[in-house]
Amino acid sequence: MIVITGGTGQLGRLVIAAVLKKMSASSIVAAVRNRDKARELAALGVGVRIADYNDPPAWDAALKGADKVLLISASELGRRARQHRAVIDAAKREGVKLLAYTSVLRADTSVLGLAAEHRETEAYLRASGVPHVLLRNSWYTENYTMGIPAIVAGGAMYGCAGEGRVSSAARADYAAAAAAVLTLPGQAGKVYELAGDGAYTHAEFAEELSRLTGRKIAYVNITEDEYREALRKAGLPDAYAAMIADSDTGASKGALFDDSRTLGRLINRPTTPMAESVAAALAGGP
Ligand SMILES: NC(=O)c1ccc[n+]([C@@H]2O[C@H](COP(=O)([O-])OP(=O)(O)OC[C@H]3O[C@@H](n4cnc5c(N)ncnc54)[C@H](OP(=O)(O)O)[C@@H]3O)[C@@H](O)[C@H]2O)c1
């Protein structure tokens with residue numbers, strides 16, 4: 001039996017859909033903090049167990065009988081390493097045979113500020129002795145496509161990534177990778193650096209958007225401080241504005257670039273091209 005944490009999240013739902021193509025619903029459990037949000041999953045026959053990352057004792061029952069666990073990294077910046085420890089400790093107590101963790105590209109050496117909590121979690125996992133596999137994900141293309149309505153409305157895309165190339169892939173591609181490692185044999189000890197087959201600069205993203213909308217949309221490179229302030233003014237909480245601006249600076253230094261094509265090989269198909277994700281977003285998708 002496989003337990004998937006964050007089962008009601010955007011990545012979690014896609015992972016469950018991908019695992020359902022390979023295993024029966026009765027072999028899958030979604031660990032969620034909100035039962036109401038899991039109604040559709042329960043209707044599919046997927047088991048639902050309630051556990052909050054902030055409630056360590058809840059994870060023993062959530063992981064009971066699990067052979068494998070997918071720990072989808074939590075979303076509260078600054079609290080995540082502690083939250084992840086709760087799941088890893090329970091996995092150890094329950095004798096889980098494989099824990100897959102969604103980390104970030106080259107977490108061990110990454111200049112991204114957000115990599116620190118992933119490094120901490122990876123180190124804790126190693127020390128725990130729980131057999132594990134690392135899914136070190138690069139950027140979701142959706143991180144950019146979700147901003148398309150505002151970019152099109154303002155006629156410009158802002159950022160501080162300079163000429164940095166980003167090897168992003170669709171969330172569904174990373175979900176397929178997670179489903180693969182959860183269902184393939186011999187995954188313990190593996191580290192996958194996962195990224196899109198193609199890479200692009202922010203200017204190229206804006207060019208694609210211009211081409212598809214028929215409107216001139218420029219990429220405007222600003223400083224990290226200016227970008228953080230712009231994000232704050234747009235309503236983002238301080239920590240998230242800082243994280244996004246820092247990540248753009250990281251992208252300018254190549255932190256989100258990878259040309260190993262490991263993701264495409266793992267999922268046995270090309271990753272979703274940026275242009276396809278942009279077109280899908282313009283058509284009303286994510
Ligand atoms: N590689 C990238 O580009 C990228 C981008 C964004 C995020 N991420 C990371 O990847 C993860 C998955 O991405 P996503 O797009 O699926 O994010 P998401 O839609 O925000 O999903 C996060 C999931 O974590 C759950 N969660 C958050 N806090 C929790 C808590 N205290 N206890 C139990 N569950 C909790 C959420 O539960 P609810 O459904 O109840 O809210 C949700 O299911 C994120 O959490 C983040 O660590 C990566």
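**Exercises on helix α8 and the ligand shell**

In this predicted model, helix α8 is mostly covered, with 11 of its 13 residues buried.

**Exercise 1.** Work out which residues of α8 are buried.

Solution. Begin with the cut-off, under which a residue counts as buried if its relative accessible area is under 20%. Going along α8 with this in mind, one finds that Arg171, Asp173 and Tyr174 are buried, and that the run from there continues with Ala175, Ala176, Ala177, Ala178, Ala179, Ala180, Val181 and Leu182.

**Exercise 2.** Check what span α8 should have against the distance between its end C-alpha atoms.

Solution. The helix covers residues 171-183, and the rise to use is 1.5 Å a residue. The expected span is 1.5 Å times one less than the number of residues, so the 13 residues of α8 should span 18 Å. The end C-alpha atoms are 18 Å apart, which agrees with that expectation.

**Exercise 3.** Describe the surroundings of the ligand, beginning with its shell and ending with its cover.

Solution. First, take the 23 residues around the ligand, of which Thr8, Leu11, Lys37, Ser73 and Ala74 come nearest. Sorted by class, this shell holds 7 nonpolar, 10 polar and 6 charged residues. Next, look at the backbone: an oxygen atom of the ligand lies 2.8 Å from a backbone N or O atom of Gly9, while polar backbone atoms are found 2.9 Å from a ligand oxygen at Gln10 and 2.6 Å from one at Ser73. Then consider the cover, since the ligand on its own has 900 Å² of accessible area and the protein covers 84% of this. Finally, the elements that give two or more residues to the shell are α1 (10-20) and α4 (80-93).

Note on methods:
Residues are numbered from 1 along each chain as its sequence is written. This is a predicted model: local features need pLDDT of at least 70, side-chain atom pairs count only at pLDDT 80 or more; totals for chains, interfaces and linings use all residues. Side-chain values use heavy atoms; hydrogens and water are left out. A residue is near a molecule or strand if one of its heavy atoms lies within 4 Å of it. A polar contact is a pair of N or O atoms within 3.5 Å; within protein, one must be able to donate a hydrogen and the other to accept it, and residues adjacent in sequence count only if both atoms are side-chain atoms. Accessible areas come from the Shrake-Rupley method with a 1.4 Å probe; for residues, only the protein chains shown count as cover. Helices (H or I, at least four residues) and strands (E, at least two) are DSSP runs, numbered from the N terminus. Ala, Val, Leu, Ile, Met, Phe, Trp, Tyr, Cys and Pro count as nonpolar, Asp, Glu, Lys and Arg as charged, and the others, Gly among them, as polar. Buried means under 20% relative accessible area, exposed over 50%, partly exposed in between (1.4 Å probe, protein chains only).
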